[in-house]
Amino acid sequence: MMRPSPGRTAPPSVYVKTYGCQMNERDSESIAALLIGHGYRLAQDEVDADVILVNTCSVRGKAEEKAIGKLGLLVAGKRERPGLVVGAVGCMARRLGGELVRRVKGLDFVVGPRRLHTLPAVVEAVYAGRGPVIDAGEGEDEMAEPLTEHLTGGPSAFVNILLGCDRHCAYCIVPVVRGREWSRPADGVLREVESLVSRGVREVTLLGQSVMSYGRVNPVWPGEYVSRLGFREPLPRLLEAVGAVEGIRRIRFTSGHPSGCTVELARAMAEIPGVCPHLHLPVQSGSDRILGMMRRGYTAGYYLEAVRRLRSAVPGLALTTDVIVGFPGETEEDFQATRSLMEEAVFDNAFIFKYSPREGTPAAAMKDDVTAEEKLRRNHVLLEDQDKRGLRINEALQGTTLEVMAEGPSLRNQARWAGRTGSNKIVIFESVAGIEAGAIVQVRIDKAGAQTLYGSIQPGERLTG
Ligand code: SAH
Ligand code: SF4
Ligand code: F3S
């Protein structure tokens, strides 16, 4: 049984601070829901919380520094708040394990991303005076099924379909911290989606680090392998099954890899109602030499071929990407190849990262020979290119009417609402009476920025939930 901290009579409250990717966001939500199921309350703010968890990311050095800084501050706060429990979970917890307790003195627990189901027992052990608890989760005994708990509210939800990653890109720490790849059997995914939809969710995003590998390592479908639309590949088949769940309006999946952009996937995106015309397809570099050193498993030509296959099947497809600048040995010529690939692929949006060596990855053995200033310059150049490209693409949408899922009042101006198109563009529009989160509205686009569209709901438009 859990115990409240000294001097409190209400059930202990928990606050989860999240760094990192969508997978961490999803994990944070499931941790919060799991602890609520064990009698905790959710704190609105970390200053009110009895238990604070920091869900950490290891993908770049900066991400780890931020989380360590945050943990240090929280632990220092224990002086004024006796009984406060502070723990680290997630990717850095897995990478550093007990070392993290030595670096951040006073930390109560360290729990890896595939050991999150142990958290109620871990916090209980800390309350019982048996801390600090280290359960980083190295070795073979990783959990198979992810947590499936969700918090209520909101029209959109993330659903894990693939854990870990077996790709081992040369620069990337994710396979180390997230473990071996494992795909969830489809029936569990479908049950989770059905339960979400019964609670008002209208949009799901299926998550996996390399999501198109779904079902390649372990079987996910029982019996005969052909769907009604004739799909044999596991991911298109899953998309079809999720699309058949009554009440689902939108389906997204991320992140992609060009090897998974098959004819079947293109057809699934085009033919299954609800599958959104958007794909996040990280390219990382446009230079074959660098792509080879990164062990990405494709050339620029192969990537562009995948893009063409998808674009020819899916009208209005929006593509977004990730790029790393300053990988070891990246020359000006390699960098220019990235610039031209980005122009040729016509990305709607791009996240640009400066290469950060990660201990234990193959690239860490290579010389990090592009200077910090040069990484910054290349980063700026690509961002500027992308801003112009984004603006050009978005301006072409002016005057058109797009289907938007309303999300909530705009942060800047409460008289306006924000929503998203199927192509994942943010649209700001004047609010109308009766609007609610999850409503699908038709919005005429009046104005475009590089990142955002502005428009107005068409008069007489019915609000559909
Ligand atoms: N699973 C996703 C990527 C997860 S990490 C995929 O493969 O598509 C998100 C992004 O961080 C990557 O796409 C890459 O662009 C960037 N990244 C990963 N490791 C990095 C490193 N060591 N330095 C800089 N950026 C990195
Ligand atoms: Fe990292 Fe590559 Fe796996 Fe993405 S596919 S998580 S970049 S190893
Ligand atoms: Fe970071 Fe872990 Fe995601 S390292 S990017 S939080 S999988």
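I began with the shell around ligand 1 and sorted its residues by class: six are nonpolar, four polar and five charged. I note here that the model is predicted.

**Ligand 1**

I looked up which residues come nearest. The shell around ligand 1 has 15 residues, and Gln209, Pro282, Gln284, Asp322 and Ser356 are the nearest of them.

I then went through the polar contacts. Gln284 puts a polar side-chain atom 2.7 Å from an oxygen atom of ligand 1. Arg60 also reaches an oxygen atom of the ligand, with a side-chain N or O atom at 3.1 Å. Ser356 uses its backbone: an N or O atom there lies 2.8 Å from a nitrogen atom of ligand 1. I checked the cover next. On its own, ligand 1 has 540 Å² of accessible area, and the protein covers 89% of that.

Which strands supply at least two residues each to this shell? I found strand E13 (318-325) and strand E14 (349-354).

I asked why ligand 1 lies between domain 2 and domain 3. Both domain 2 (152-276) and domain 3 (312-396) give residues to the shell, so the ligand lies between them.

**Domains**

I wrote down the division of the chain. Domain 1 covers 13-141, domain 2 covers 152-276, domain 3 covers 312-396 and domain 4 covers 401-457.

I took the pair that flanks ligand 1. The C-alpha centres of domain 2 and domain 3 are 26 Å apart. Seven residues from domain 2 and 11 residues from domain 3 make the contact.

How much area is buried between domain 2 and domain 3? I have it as about 750 Å², with carbon and sulfur atoms giving 78%. On the domain 2 side I listed Ala170, Tyr171 and Ile173. These residues supply 62% of the area that domain 2 buries against domain 3, more than any other three residues.

**Ligand 2**

I listed the surroundings of ligand 2. They are Cys165, Arg167, His168, Cys169, Tyr171, Cys172, Val174, Pro175, Gln209 and Arg296. By class I have six nonpolar, two polar and two charged residues. Tyr171 is in this shell, and Tyr171 is also one of the three residues I had listed for the domain 2 side. Gln209 is in this shell too, and Gln209 was among the nearest residues to ligand 1.

I paused at His168, which is in the shell of ligand 2. His168 is not a glycine, yet its phi is positive, about 55°. I placed His168 in the loop between strand E8 (162-163) and helix H6 (174-178).

**Ligand 3**

I did the same for ligand 3. Around it I found Gly20, Cys21, Asn24, Cys57, Ser58, Val59, Cys91, Arg178 and Gln209. The classes here are four nonpolar, four polar and one charged. I met Gln209 again, since Gln209 is listed around ligand 3 as well as around ligand 2.

**Backbone checks**

I looked for cis peptide bonds. One runs from Gly131 to Pro132, with omega near -10°. Pro132 is in the loop between helix H5 (119-127) and strand E6 (133-135).

Another cis peptide bond joins Thr254 and Ser255, with omega about -5°. Where is Ser255? I placed Ser255 in the loop between strand E11 (250-254) and helix H9 (263-271).

Technical notes. Residues are numbered from 1 along each chain as its sequence is written. Chains are lettered from A and ligands numbered from 1 in the order in which they are written. This is a predicted model: local features need pLDDT of at least 70, side-chain atom pairs count only at pLDDT 80 or more; totals for chains, interfaces and linings use all residues. Side-chain values use heavy atoms; hydrogens and water are left out. A residue is near a molecule or strand if one of its heavy atoms lies within 4 Å of it. A polar contact is a pair of N or O atoms within 3.5 Å; within protein, one must be able to donate a hydrogen and the other to accept it, and residues adjacent in sequence count only if both atoms are side-chain atoms. Accessible areas come from the Shrake-Rupley method with a 1.4 Å probe; for residues, only the protein chains shown count as cover. Helices (H or I, at least four residues) and strands (E, at least two) are DSSP runs, numbered from the N terminus. Ala, Val, Leu, Ile, Met, Phe, Trp, Tyr, Cys and Pro count as nonpolar, Asp, Glu, Lys and Arg as charged, and the others, Gly among them, as polar. Domain bounds come from an automatic or database domain assignment. Contact means heavy atoms within 4.5 Å. Buried area is the accessible area (1.4 Å probe) that two parts lose on being put together, summed over both.
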